[in-house]
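Please open the structure in your viewer and keep the selection tool at hand. The tour below goes from stop to stop, saying at each one what to select and what is there.

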Amino acid sequence: MGFPENFLWGGATAANQYEGGYLSGGKGLATADTITNGDQKHPRRIVIELKDGSKKEISRFEDVPQGAKAIVDEDVYYPSHVATDFYHHYKEDIALMGEMGFKTFRMSINWSRIFPHGDDSHPNEEGLKFYDDVFDECHKYGIEPLVTINHFDLPLHLAHQYEGWLDRKTIDFFMNYCRTIFTRYQHKVKYWLTFNEINFLRDYSTLGICEASNPQKQQQAIYHLLLASAKAVYLGHQINPDFQIGLMIANILFYPETCNPNDAIAQMEMARDFKDFYYDVQCRGYYPSYKLKELERQNVVLQKEDGDDQILRLGTVDFISFSYYNSSVISTRQNSEKSGGNQLGGVKNPYLEESEWGWPIDPQGLRLVLNRLYDKYQLPLMIVENGLGALDTIETDGSIQDDYRIDYLRKHIQEIQKAIEYDGVDVIGYTPWGCIDLVSAGTGEMKKRYGFVHVDMDDLGRGTLKRTRKKSFEWYQKVIATNGQDL
Ligand code: BGP
């Protein structure tokens, strides 16, 4: 009883927030390298160069004007440049993961480390070698790499030259990248995820398109992403039929605020727009009817080529993965009280506590998510991100007593256990986010920490990068050692 014997316990990271070494080893610039840090009051920014050569900072990434280019400005601090420097600490970090007993380690390959400009004709051998070393190091400890092919980054040149995912050529560049890494690592990596939180890719930094709020442009770029994901799944299986290739979606759970049918309809529409559409396409292989109707209403006409429909059908995924941090309440009432933060805003849920960043904490919501997904798609499920972003305090004796984090994770693991034991859901793995401290995706802050291991680094990039085990380190080690029995 309890968790299956081969359950994939581990932790998750991503190159853009963890790896650093932004120009080392032949890496090119990525869009992620042009985003500044921020804090809860001051949003992150992108410095752009306008057509006339003047510089400007913008805070809404949707607003990059046509013809402008994101640039790296020497006077500004960019958290991705060093991040928490996995690039130079990977041996130490993987040893720590080994010590915790990880069965899997989720990480992403930095596209611009392999193809510095994105459209290069040959890959960068030094970049390929780096990930060879990382995967070898994982296998030393019996850790199975779980690789996100693309996590919130894009070679900057593709944004400048092609407007990123708006141009169909970017699919070909992406396929070159996939072919290269699938072939190179086919004996070292079995589990792959195509795009991290594909349903959050909506702006310049992730799609590379200017004026991303234009529906025609945005929907065309998303169509290209979905096509690229399907092509990658199909290609991966041709290269190695044993590959397990999954989708990855930000799974915020939506509740209607009341039993007013208007709320229920609004909730349904929100869920479809934000996430269901992406699951449907990647699990079933075609655009659902509600999406086609919506595109019609928006006067969006997708530019397609012959064979596209077949590609979508052939490239459905082997398993589903998702991030789960919180739930959100959908209301049609005027003047409802807003939630403190949340990834999407929404109305305050009076039944839930919120994190220091205002994200509602809803462990039972995870059980609901697992059940709904399994009912709908009957595919194995992996929770590849979950966790509490919190301020940690270093005590005078140097320890970090992060009981709040343990409490958050414990409650979520208990709900996963119920989904497995009581509901019979096929859950195959759990990799809490930011297992070693890394930079926040939402704000670029360092102080919003998720890890079992503390990294000495502050919001302005000052710190020794020293790694220290937190109290949760030992706790998680015990959870894994007992296969989730001792929580
Ligand atoms: C997800 C991303 C991660 C990650 C996480 C936590 O949306 O896939 O990259 O960072 O959220 O969010 P944040 O870093 O904003 O706390």
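## A tour from the core outwards

Begin by selecting Leu-225, which, leaving aside residues up to four places away in sequence, touches Trp-165, Phe-195, Ile-198 and Leu-201. Please keep in mind throughout that this is a predicted model.

Now add Tyr-204, Leu-370 and Ile-416 to the selection, since these three and Leu-225 are the residues that touch the most other members of the largest nonpolar core, which has 133 residues. To see which helix gives the most to this core, select H8, residues 215-239, which supplies ten residues.

Move next to helix H13, residues 403-421, whose 19 residues reach 26 Å from the first C-alpha to the last, close to the 27 Å expected at 1.5 Å a residue. Colour Arg-405, Ile-406, Tyr-408, Leu-409, His-412, Ile-413, Ile-416, Ala-419 and Ile-420, which are the buried residues in H13. If you turn the view to look down the axis of H13, these buried residues fall within an arc of 160°, and so they line one face of the helix. The face turned away from the buried side carries the exposed residues Asp-403 and Glu-421. What covers the buried residues of H13? Display helix H12 (363-377), strand S12 (381-385), strand S13 (427-430) and helix H14 (471-481), which are included in that cover.

From there, select H12 by itself: its end C-alpha atoms are 22 Å apart, which agrees with the 21 Å that its 15 residues should span at 1.5 Å a residue. The buried residues in H12 are Pro-363, Gly-365, Leu-366, Arg-367, Val-369, Leu-370 and Leu-373, and they pack against strand S9 (253-256), strand S10 (319-323) and strand S11 (327-330), as well as against S12, H13 and S13. Step just past the end of H12 to Gln-378, where phi takes a positive value of about 55°.

Two further stops also concern the sign of phi. Most residues other than glycine have a negative phi. Select Ala-83, in the loop between strand S4 (69-70) and helix H2 (86-100), where phi is near 50° and thus positive in a residue other than glycine. Is Ala-83 buried or exposed? Ala-83 is buried, because 28 other C-beta atoms lie within 10 Å. Then go to Leu-465, in the loop between strand S14 (453-455) and strand S15 (467-469), where phi is positive again, near 70°. Leu-465 counts as partly exposed, because it has 15 C-beta neighbours inside 10 Å.

Another loop to visit is the one between helix H7 (204-207) and H8, where Glu-211 is found. With 17 C-beta neighbours inside 10 Å, Glu-211 counts as partly exposed. Draw a distance from its C-alpha to that of Gly-67, and the viewer should give 10.0 Å for two residues that are 144 apart in sequence. Not counting residues up to four places away in sequence, Glu-211 touches Gln-66 and Lys-217.

Finish at the ligand, by selecting Glu-197, Gly-389, Ser-440, Ala-441 and Gly-442, which come nearest among the 13 residues around it. When the shell around the ligand is coloured by class, there are four nonpolar, six polar and three charged residues.

Methods. Residues are numbered from 1 along each chain as its sequence is written. This is a predicted model: local features need pLDDT of at least 70, side-chain atom pairs count only at pLDDT 80 or more; totals for chains, interfaces and linings use all residues. Helices (H or I, at least four residues) and strands (E, at least two) are DSSP runs, numbered from the N terminus. The expected span of a helix is 1.5 Å times one less than its number of residues. A residue is buried if 20 or more other C-beta atoms lie within 10 Å of its own, exposed if 12 or fewer, and partly exposed in between; C-beta atoms are placed from the backbone. The arc is that of the directions from the helix axis to the C-beta atoms. Two residues are in contact if their C-beta atoms, placed from the backbone, lie within 7 Å. A nonpolar core is a set of buried Ala, Val, Leu, Ile, Met, Phe, Trp, Tyr and Cys residues joined through C-beta atoms within 7 Å. A residue is near a molecule or strand if its C-beta atom, placed from the backbone, lies within 6 Å of it. Ala, Val, Leu, Ile, Met, Phe, Trp, Tyr, Cys and Pro count as nonpolar, Asp, Glu, Lys and Arg as charged, and the others, Gly among them, as polar.
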